[in-house]
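Student: I've got a new structure to go through. Shall we take it step by step?
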Amino acid sequence: KANRKFHPDDSVIDVDGVKIGGGSFAVIAGPCSIESEEQITYCAQRVKAAGASLLRGGAFKPRTSPYSFQGMRSEGLDLLKLARRATGAPIVTEIMNTEHLPLFENVDLIQVGARNMQNFELLKAVGRQNKPVLLKRGLANTLEEFVMSAEYIMAEGNENVILCERGIRTFETSMRNTLDLAGVVMLHKMTHLPVIVDPSHACGHAWMVPELAKAAVAAGADGLMIEVHNNPAKAKCDGAQSLTPDQFDELMQFIGKEVEFFGKKL
Ligand code: PEP
Ligand code: MN
């Protein structure tokens with residue numbers, strides 16, 4: 001179902017009126033984690049004003065250490081919905097457990113994170129509901145495995161899948177991961193699904209994010225996911241890779257022109 005061979009045309013995924021793929025470019029932005037009503041609402045208003053069309057914020061966080069902030073969980077989801085009401089922007093947030101699906105009923109785009117890319121029961125479960133799914137590439141998964149995970153979701157009946165390249169593990173240690181832009185080009189050959197790029201988790205350094213975002217657009221990405229925090233130095237998660245709202249605004253002015261240059265619409 002995901003194979004380009006049998007579906008030559010690009011798929012366009014509609015997330016509550018926001019189109020992604022086939023010439024429609026969309027930017028997802030917001031903090032790594034929802035921390036308070038003021039924080040998520042302020043970030044939402046700033047990223048929306050800068051040109052992002054979808055709002056992100058983690059409520060259930062897959063942290064490496066069990067002692068790190070685990071997210072505000074269902075309370076966080078409620079705050080994200082308040083931010084949606086304040087801005088009108090559809091919301092994206094990560095699910096980690098099939099049992100949490102009822103909590104995600106009112107979420108516009110359900111994210112399956114890198115660590116769960118091969119959680120096949122979770123993939124089947126999101127495939128049995130009808131909201132679009134943002135599937136992130138696993139930390140050490142091949143493109144073939146990535147597309148097969150999308151296939152798991154689609155095989156259950158939900159063909160609204162957006163792929164996200166977010167960097168992979170290599171021998172390089174100066175960055176959090178290695179952004180695989182060649183993989184974006186290859187994925188477009190392998191599949192008709194939209195492919196977006198998350199430069200924030202790919203590199204782990206806020207100062208690098210703008211250049212990688214620009215390169216992703218040039219590589220043909222259908223969208224971007226960028227972490228933006230009101231006060232990166234005080235962020236509970238991923239502050240080092242988060243842009244300030246001002247930095248995001250400046251980046252978006254360039255991205256807008258670049259997307260147009262490549263014949264797509266933001
Ligand atoms: C995220 O987007 O919040 C996240 C945890 O990313 P990843 O699954 O790519 O590590
Ligand atoms: Mn993060």
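Student: Which residues are around ligand 1?

Tutor: Keep in mind that this is a predicted model. The shell divides into three nonpolar, three polar and four charged residues. By name, the residues around ligand 1 are Cys32, Gly58, Pro62, Glu94, Gly113, Ala114, Arg115, Lys136, Arg166 and His201.

Student: Glu94 caught my eye there. What is the bridge partner of Glu94 in strand 6?

Tutor: Strand 5 covers residues 91–95 and strand 6 covers residues 109–112. The two run parallel and are joined by four bridges. In strand 6, Glu94 has as its bridge partner Gln111.

Student: Zooming out, in what order do the eight strands close into a barrel?

Tutor: The pairing in this barrel is parallel. Neighbouring strands of the sheet are turned against each other by 30° on average, direction ignored. Going round, the eight strands close in the order 3-4-5-6-7-8-9-10.

Student: Now the helices on the sheet. What angle does the direction of helix 2 make with that of strand 5?

Tutor: Helix 2, residues 73–87, packs on the sheet. There it touches strand 4 (54–56) as well as strand 5. Its direction and that of strand 5 make an angle of about 165°.

Student: And helix 3, at what angle does that run to strand 6?

Tutor: Helix 3 spans residues 120–127 and lies across strand 5, strand 6 and strand 7 (133–136). Relative to strand 6, helix 3 runs at about 170°.

Student: Is helix 3 parallel or oblique to helix 4?

Tutor: Helix 3 packs against helix 4 (residues 143–155) with the axes 7 Å apart, at an angle of about 45°. Because that angle falls outside the under 35 degrees range for roughly parallel, helix 3 is, relative to helix 4, oblique.

Student: Which residues of helix 4 does helix 3 meet?

Tutor: The crossing of these two helices is right-handed. From helix 3 come Phe120, Leu123, Lys124, Val126 and Gly127. By class, the contact has seven nonpolar, two polar and one charged. On the helix 4 side, the residues are Ser149, Tyr152, Ile153, Met154 and Ala155.

Student: Last pair: why do helix 7 and helix 8 count as roughly parallel?

Tutor: Helix 7 (residues 209–218) and helix 8 (residues 245–261) have axes 10 Å apart. Angles under 35 degrees count as roughly parallel. These helices therefore qualify as roughly parallel, with a packing angle of about 15°.

Technical notes. Residues are numbered from 1 along each chain as its sequence is written. Chains are lettered from A and ligands numbered from 1 in the order in which they are written. This is a predicted model: local features need pLDDT of at least 70, side-chain atom pairs count only at pLDDT 80 or more; totals for chains, interfaces and linings use all residues. A residue is near a molecule or strand if its C-beta atom, placed from the backbone, lies within 6 Å of it. Ala, Val, Leu, Ile, Met, Phe, Trp, Tyr, Cys and Pro count as nonpolar, Asp, Glu, Lys and Arg as charged, and the others, Gly among them, as polar. Axes are lines fitted to C-alpha atoms, for helices over the stretch in contact, and angles run from 0 to 180 degrees between N-to-C directions. Angles under 35 degrees count as roughly parallel, over 145 as roughly antiparallel, 65 to 115 as roughly perpendicular and the rest as oblique. Two strands pair if DSSP finds at least two bridges between them. Two residues are in contact if their C-beta atoms, placed from the backbone, lie within 7 Å. A crossing is left-handed if the near helix is turned anticlockwise from the far one by less than a right angle, and right-handed if clockwise.
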